[in-house]
Amino acid sequence: MLKISNTVELADDEIELQAIRAQGAGGQNVNKVSSAIHLRFDVAASSLPEFYKERLLALKDKRMTKDGVLVIKAQQFRTQEMNREDALNRLRELIQSVAVVQKTRRATRPTRASQKRRLEGKTKRSQVKALRGKVY
């Protein structure tokens with residue numbers, strides 16, 4: 001069971017974990033030990049609430065396939081167990097980040113004093129640049 005929040009949990013059979021060989025340098029041991037983890041999570045077929053599913057599928061993330069499957073590759077650590085924990089934590093953090101609703105921005109007007117300061121700054125800057133011209 002992967003606990004996302006107090007009310008949301010994911011069953012273990014919804015998350016597919018596969019051990020693969022890690023990339024990069026590391027000598028002979030890297031070539032024979034499968035220490036990296038491929039995590040696959042089908043968002044559309046999961047038991048997540050619709051709110052989470054919609055927000056996850058709307059993400060512009062390279063880890064999300066066209067079919068709505070989230071793929072996370074964990075190979076930071078030397079042991080398979082640590083990489084498994086890392087992959088599950090990254091999945092949990094991604095789902096939790098989707099749950100946060102951004103505050104809507106309300107447009108505000110600049111004050112008269114700030115407009116005046118801005119225009120004075122622009123005038124000073126243009127005068128400095130005008131002095132850079134050729135001397136005749």
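Let me begin with one pair of residues in the sheet, where phenylalanine 41 stands opposite leucine 70 in strand S5. Before I go further, I should say that what we have in front of us is a predicted model, and that everything I describe this morning should be heard with that in mind.

The pair I have just named belongs to an open sheet of 3 strands, whose order is S3-S4-S5 and whose pairing is antiparallel. The edge strands here are S3 and S5, each of which pairs on one side only. If we ignore direction, neighbouring strands of this sheet are turned by 20 degrees against each other on average.

Let me take the two pairings in turn. Strand S3, which covers residues 15-20, is joined to S4 by 6 bridges, and these two strands run antiparallel. Within that pairing, glutamate 16 stands opposite arginine 40 in S4, and alanine 19 has isoleucine 37 in S4 as its bridge partner. On the other side, 6 bridges join S4 to strand S5, residues 69-74, and here too the strands run antiparallel. Besides the pair I opened with, aspartate 42 stands opposite valine 69 in S5. As a general reminder while you look at the sheet, in a regular strand the side chains alternate between the two faces.

How covered is S5? It is mostly covered, with 5 of its 6 residues buried. A good residue to look at in that strand is isoleucine 72, which is buried, since its relative accessible area is 0%. If we leave aside its neighbours within four places in sequence, isoleucine 72 is in contact with Ile37, His38 and Leu39, and also with Ala87, Arg90 and Leu91. For one of these, arginine 90, the C-alpha atom is separated from that of isoleucine 72 by 7.9 Å, although the two residues are 18 residues apart along the chain.

Aspartate 42, whose place is in strand S4, gives another picture, because with a relative accessible area of 31% it is partly exposed. Setting aside its neighbours within four places in sequence, aspartate 42 is in contact with Glu14, Asp67, Gly68 and Val69. Glycine 68 lies 26 residues from aspartate 42 in sequence, yet the two are 6.2 Å apart in space, C-alpha to C-alpha.

One of those contacts, aspartate 67, has its place in the loop between H2 and S5. Is aspartate 67 buried or exposed? With a relative accessible area of 66%, aspartate 67 is exposed. Looking towards the start of the chain, aspartate 67 and leucine 10 are 57 residues apart in sequence and 20 Å apart in space, again C-alpha to C-alpha.

A second loop residue worth a moment is serine 35, which lies between helix H1, residues 28-32, and strand S4, residues 36-42. Although it sits in a loop, serine 35 counts as buried, because its relative accessibility is 11% and the cut-off for buried is under 20%. Not counting residues up to four places away in sequence, serine 35 touches Ile20 and Ala22, together with Arg78, Thr79, Gln80 and Asn83.

Let me now turn to the helices. Two packed helices are described by the angle between their axes and the distance between the axes. Helix H2, residues 50-57, packs against helix H3, residues 80-99, at an angle of about 100 degrees, with the axes 9 Å apart. H2 and H3 are therefore roughly perpendicular to each other, since angles of 65 to 115 degrees count as such. Which residues of H2 and H3 meet? From H2 we have Phe51, Tyr52, Arg55 and Leu56, and these meet Leu94, Ile95, Val98 and Ala99 in H3. By class, this contact of H2 with H3 has 7 nonpolar, no polar and 1 charged residues.

Two of the H2 residues in that contact, Phe51 and Tyr52, bring me to my last point. The count of aromatic pairs comes to 1, and that pair is formed by phenylalanine 51 and tyrosine 52, with 5.7 Å from centre to centre and 80 degrees between the planes, an edge-to-face arrangement. The two partners differ in how they are covered, for phenylalanine 51 is partly exposed, with a relative accessible area of 37%, whereas tyrosine 52 is buried, with a relative accessible area of 11%.

How values were computed
Residues are numbered from 1 along each chain as its sequence is written. This is a predicted model: local features need pLDDT of at least 70, side-chain atom pairs count only at pLDDT 80 or more; totals for chains, interfaces and linings use all residues. Side-chain values use heavy atoms; hydrogens and water are left out. Axes are lines fitted to C-alpha atoms, for helices over the stretch in contact, and angles run from 0 to 180 degrees between N-to-C directions. Helices (H or I, at least four residues) and strands (E, at least two) are DSSP runs, numbered from the N terminus. Angles under 35 degrees count as roughly parallel, over 145 as roughly antiparallel, 65 to 115 as roughly perpendicular and the rest as oblique. Contact means heavy atoms within 4.5 Å. Ala, Val, Leu, Ile, Met, Phe, Trp, Tyr, Cys and Pro count as nonpolar, Asp, Glu, Lys and Arg as charged, and the others, Gly among them, as polar. Buried means under 20% relative accessible area, exposed over 50%, partly exposed in between (1.4 Å probe, protein chains only). Rings of Phe, Tyr and Trp (its six-membered ring) pair if their centres lie within 6.5 Å; planes under 30 degrees apart count as stacked, over 60 as edge-to-face and the rest as tilted. Two strands pair if DSSP finds at least two bridges between them.
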